[in-house]
Amino acid sequence: MTLPTPPSKIKVYLLTGFLGAGKTTVLNGLLQAKKDEENIIIENEFGKVSIDSHLVETRYCSLFEMNNGCICCTLDNELVEVLASILNAEVQPDNLFIEASGVADPGGIIALFSQEEVANFFQLHQVVCVVDATVVEDWMEEIPEVSRQLAAADLIVLNKKSLVSPSYLPQLTQLVQGVNSLAEIMVTDHGIIPHDILTKQKKPWDPAKTIPEVEAKSPHPLKSMLFEVEELIDREMLLNQLTLSFFLSYHQLYRMKGLVWLSDSTLPHIVQTHGRQVHIAPLEGEVKLPYPKSQLIFIGKGLERKSLERKIQRTLASQKSNSKL
Ligand SMILES: Nc1nc2c(ncn2[C@@H]2O[C@H](COP(=O)(O)OP(=O)(O)OP(=O)(O)O)[C@@H](O)[C@H]2O)c(=O)[nH]1
């Protein structure tokens, strides 16, 4: 990159954490705190379709979407291109927030920002790892990326504390400290963290020392599957089918997100899981999804398209009304 040096370096905040931990929730809180500054977001989702772009508070930022794969696997091309276009923009941002995909290994991203060419323009301030208290213990055992995300963090946000027993929290804190004893740990609900956390400077990072090796780095063992439906969906059936699927396939299905049109509402809805729970809520603002097309994304390992298709088929409103005849 041969670009003029900006007056001051752009501050970079990297948000990591496994699928559904609360990264976007934390990001929206931080954006609110920085609303008087110029903010840019890089949003990277594990899947071809972006749902998160509808959830980020775009009042306070401009958004770049990276949906061509996990950010840690496309470092050399797509991320560098996005960084170059940020530098070429008319208005230089004060802050760059990167929300990495839930499966991203942050080591390579951190290393990129320590390269001289990039470090001349961007300064990595904080690596924040958001953790879902309800599931992290299981997922640390099953998914190597979870420990790597924890190990690379300056700040660990142990989120969703009200969803676990208070007596379990010290045990969880100890577990997380076992992976990274240097990081600050904050136990939160809805990712609410003090905003002065952003003013703290990052500790020097030594990848060799802090991040445990992962056997198979890339491609990720998890798969993302997109389903599109052109019919209205029955809310109750959708809740039942998803709750059942996540209950039965807890160690296989890690996350589901979607934009759906329901038969009982004229508003689009966002459906998503966190941990074992399924939530459906109306979506405000502009949606680029033509009525009545719905999109559902499942992320997990060993997913079978046919079996998921059958489950989705059962949620269609037309099927329900036919079955009543
Ligand atoms: N009950 C409860 N729900 C929470 C909390 N924090 C976040 N959530 C919900 O958890 C779900 C996932 O939160 P997100 O912020 O989208 O998580 P994420 O890490 O960005 O998810 P991905 O981008 O899919 O990896 C959303 O429905 C949030 O509203 C919390 O502390 N308590």
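These questions and answers concern a predicted model.

Colleague: Into which domains is the chain divided?
Modeller: The model is predicted, and the bounds follow a domain assignment. The chain is divided in two: domain 1 (10-210) and domain 2 (223-324).

Colleague: How many residues of domain 1 are in contact with domain 2?
Modeller: On the side of domain 2, 17 residues take part. The residues on the side of domain 1 divide into five nonpolar, five polar and three charged. The number in domain 1 is 13.

Colleague: Which strand gives the most to the largest nonpolar core?
Modeller: That core has 80 residues, and Val128 and Val131 are among those with the most contacts inside it. The strand that gives the most spans residues 122-132 and supplies seven residues. It is strand E5.

Colleague: Which residues does Val128 touch, leaving out those up to four places away in sequence?
Modeller: Contact here needs C-beta atoms within 7 Å. Val128 is one of the residues with the most contacts inside the core. Its partners are Tyr13, Leu15, Val26, Ala153, Leu155 and Val157.

Colleague: Is strand E2 covered on one face or on both?
Modeller: Strand E2 covers residues 39-44, and six of its six residues are buried. Asn39, Ile41 and Glu43 lie on one side, while Ile40, Ile42 and Asn44 lie on the other. The answer is both faces.

Colleague: Which residues are the bridge partners of Glu43 in E3 and E4?
Modeller: E2 pairs with E4 in the parallel sense over five bridges. Five bridges also join E2 to E3, again running parallel. The partner in E3 is Glu65, and the partner in E4 is Glu99.

Methods: Residues numbered from 1 in each chain as written. Predicted model: local features only at pLDDT ≥ 70, side-chain atom pairs only at ≥ 80, totals over all residues. Core = buried A, V, L, I, M, F, W, Y, C linked by C-beta atoms within 7 Å. Buried ≥ 20, exposed ≤ 12 C-beta atoms within 10 Å, placed from the backbone. Helix = DSSP H or I, 4+ residues; strand = E, 2+ residues; numbered from the N terminus. Contact = placed C-beta atoms within 7 Å. Nonpolar A, V, L, I, M, F, W, Y, C, P; charged D, E, K, R; others polar. Pairing = 2+ DSSP bridges.
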